[in-house]
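User: I'm new to this one and would like a close look at a single part. Could you walk me through the sheet and what surrounds it?

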Amino acid sequence: MTDDEVAQIGKALGDPNRLAIYTQIAQHDELFCGEMHAKHTISAATLSHHLKVLHDLGLITSRKEGLNVYYRVIPERFAGYIQYLIGIGSRN
């Protein structure tokens, strides 16, 4: 993972709404977009934007089933981010 990728992920997860969305998805195997919208006081367009940011950074993936879109986290990507941060703390 590059310095730039780590910075972008940190910035993305630094947004309280985006962090809440990511956390909500991570607490489930998969989460339907409608379930997320029901739990957040943001517009559907704003939710969609946050999901796109998380998707573009490789933190989540999606699949479409009929008219529904389901999201799940990509644990390896988040683990890489955490490992990078741990590495910073252990540098001498």
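Analyst: Let's start with the sheet, keeping in mind that this is a predicted model. It's an open sheet built from 3 strands, in the order β1-β3-β2, and the pairing is antiparallel. The two edge strands are β1, at residues 31–32, and β2, at residues 60–65, and each of them pairs on one side only.

Now zoom in on β2 and its partner β3, which covers residues 68–73. These two strands pair in the antiparallel sense over 6 bridges. To see how they line up, find E65: standing opposite it is N68 in β3. You can also pick out R63 and Y70 here, since the charged end of R63 sits over the ring of Y70, 4.6 Å from the ring's centre.

Next, helix α2. Residues 16–26 make up this helix, and it lies across β1, β2 and β3, running at about 90° to β3.

There's some aromatic company to look at as well. A search of the whole structure turns up 3 aromatic pairs. One of them is F78 with Y81, a tilted pair with 6.0 Å from centre to centre and 45° between the planes. Both residues belong to helix α5 (residues 75–89), and because they are 3 residues apart there, about one helical turn separates them. As for their surroundings, F78 is partly exposed, with a relative accessible area of 28%, while Y81 is buried at 11%. Add Y22 to F78 and Y81, and you have one aromatic cluster.

Methods: Residues are numbered from 1 along each chain as its sequence is written. This is a predicted model: local features need pLDDT of at least 70, side-chain atom pairs count only at pLDDT 80 or more; totals for chains, interfaces and linings use all residues. Side-chain values use heavy atoms; hydrogens and water are left out. Rings of Phe, Tyr and Trp (its six-membered ring) pair if their centres lie within 6.5 Å; planes under 30 degrees apart count as stacked, over 60 as edge-to-face and the rest as tilted. Helices (H or I, at least four residues) and strands (E, at least two) are DSSP runs, numbered from the N terminus. Buried means under 20% relative accessible area, exposed over 50%, partly exposed in between (1.4 Å probe, protein chains only). A charge sits over a ring if NZ of Lys or CZ of Arg is within 6 Å of the ring centre and within 35 degrees of the ring normal. Two strands pair if DSSP finds at least two bridges between them. Contact means heavy atoms within 4.5 Å. Axes are lines fitted to C-alpha atoms, for helices over the stretch in contact, and angles run from 0 to 180 degrees between N-to-C directions.
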